[in-house]
Amino acid sequence: MVWCGDMTEIETGEGKLYLATVIGLLSRRLLGYAMGARHDAGLVVVALHMAAATRGGNVRGVIFHTDRGSEPGLNRSSQHRSLGSRVGAR
């Protein structure tokens, strides 16, 4: 299984919101998402938890791909973690 993740900024009348998504590349199905006022790793973790729950909690063998850290101010060690260490492999 290969999952792809992205985060986008949405302008609203009350300010910016950020949407983190996790999509299954084979099915092109939205597996998880989270929206919030902060553009941070916590939002991505919530989306990953939802994706894991959508797939029955089993994330063994999943490859998760993102843009590999093009966000300014973030470093590689904070962005690249195995799914098992962040979501809980079963």
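**Entry 1: the core**

I started with the largest nonpolar core, which holds 14 residues. I looked for the members that touch the most other members, and I found Trp-3, Val-22 and Leu-43. Then I asked which elements supply at least two residues each to this core. They are strand 1 (2-12), strand 2, strand 3 and helix 1 (41-54). Helix 1 gives the most, with five residues. I note here that I am reading a predicted model.

**Entry 2: the whole chain**

Next I stepped back to the full chain. I counted three helices and four strands. Read along the sequence, their order is β-β-β-α-β-α-α. The chain has 90 residues, and 26% of them are buried.

I also checked the contacts with a separation of 6 or more. Of these, 40% join residues 24 or more positions apart. The accessible surface is about 6000 Å². Carbon and sulfur atoms own 52% of that surface.

**Entry 3: how the strands pair**

I took the strands in turn. Strand 1 and strand 2 run antiparallel to each other, and I found ten bridges between them. They form a hairpin, with two residues in between. I picked one bridge to look at: Gly-5 has Val-22 in strand 2 as its partner.

Strand 2 covers residues 15-24 and strand 3 covers residues 29-36. This pair is also linked in the antiparallel sense, over seven bridges. Here Val-22 turned up again, opposite Gly-32 in strand 3. So much for Val-22 in the sheet; I had already listed Val-22 among the core residues with the most touches.

Strand 2 and strand 3 make a hairpin too, with four residues between them. In the turn I checked Arg-28, and its phi is positive, about 60 degrees.

Where does strand 4 pair in the parallel sense? I found strand 4 (residues 63-65) beside strand 1, with three bridges. Trp-3 stands opposite Phe-64 there. Trp-3 is the residue I had noted in the core.

**Entry 4: Thr-21, buried or exposed?**

I clicked on Thr-21, which lies in strand 2. Thr-21 has a relative accessible area of 19%. The cut-off for buried is under 20%. Thr-21 therefore counts as buried.

I then listed what Thr-21 touches, leaving out residues up to four places away in sequence. The list is Cys-4, Gly-5, Asp-6, Leu-30, Gly-32 and Tyr-33.

**Entry 5: Leu-25 in the loop**

Leu-25 sits in the loop between strand 2 and strand 3. At 43% relative accessibility, Leu-25 is partly exposed. I wanted to know which residues Leu-25 contacts, apart from neighbours within four places in sequence. They are Val-2 and Cys-4.

I put a ruler on one of these. Val-2 and Leu-25 are 23 residues apart in sequence. Their C-alpha atoms are 5.8 Å apart in space.

**Entry 6: a nonpolar patch on the surface**

I moved to the outside. Ile-23, Leu-30, Tyr-33 and Met-50 make a nonpolar surface patch of about 340 Å². I looked closer at Tyr-33, which belongs to strand 3. Tyr-33 has 44% relative accessibility and counts as partly exposed. Tyr-33 and Leu-30 are also among the residues that Thr-21 touches.

**Entry 7: salt bridges**

Last, I went looking for charge pairs. Why would such side chains pair? Opposite charges can pair when the charged atoms come close. How many salt bridges does the count give? I got two.

One joins Lys-16 and Glu-9, at 3.6 Å from N to O. Are these two buried or exposed? Lys-16 is partly exposed, at 41% relative accessibility. Glu-9 is partly exposed too, with a relative accessible area of 41%.

Another joins Asp-40 and Arg-38, at 3.2 Å from N to O. Asp-40 is partly exposed, with a relative accessible area of 28%. Arg-38 has 62%. The cut-off for exposed is over 50%, so Arg-38 counts as exposed.

Conventions:
Residues are numbered from 1 along each chain as its sequence is written. This is a predicted model: local features need pLDDT of at least 70, side-chain atom pairs count only at pLDDT 80 or more; totals for chains, interfaces and linings use all residues. Side-chain values use heavy atoms; hydrogens and water are left out. Two strands pair if DSSP finds at least two bridges between them. A salt bridge is a side-chain nitrogen of Lys or Arg within 4 Å of a carboxyl oxygen of Asp or Glu. Buried means under 20% relative accessible area, exposed over 50%, partly exposed in between (1.4 Å probe, protein chains only). Contact means heavy atoms within 4.5 Å. Accessible areas come from the Shrake-Rupley method with a 1.4 Å probe; for residues, only the protein chains shown count as cover. Patches are made of residues with over 30% relative accessible area and no salt bridge: like charges are joined within 9 Å, nonpolar side chains (Val, Leu, Ile, Met, Phe, Trp, Tyr) within 5 Å. A nonpolar core is a set of buried Ala, Val, Leu, Ile, Met, Phe, Trp, Tyr and Cys residues joined through side-chain atoms within 4.5 Å.
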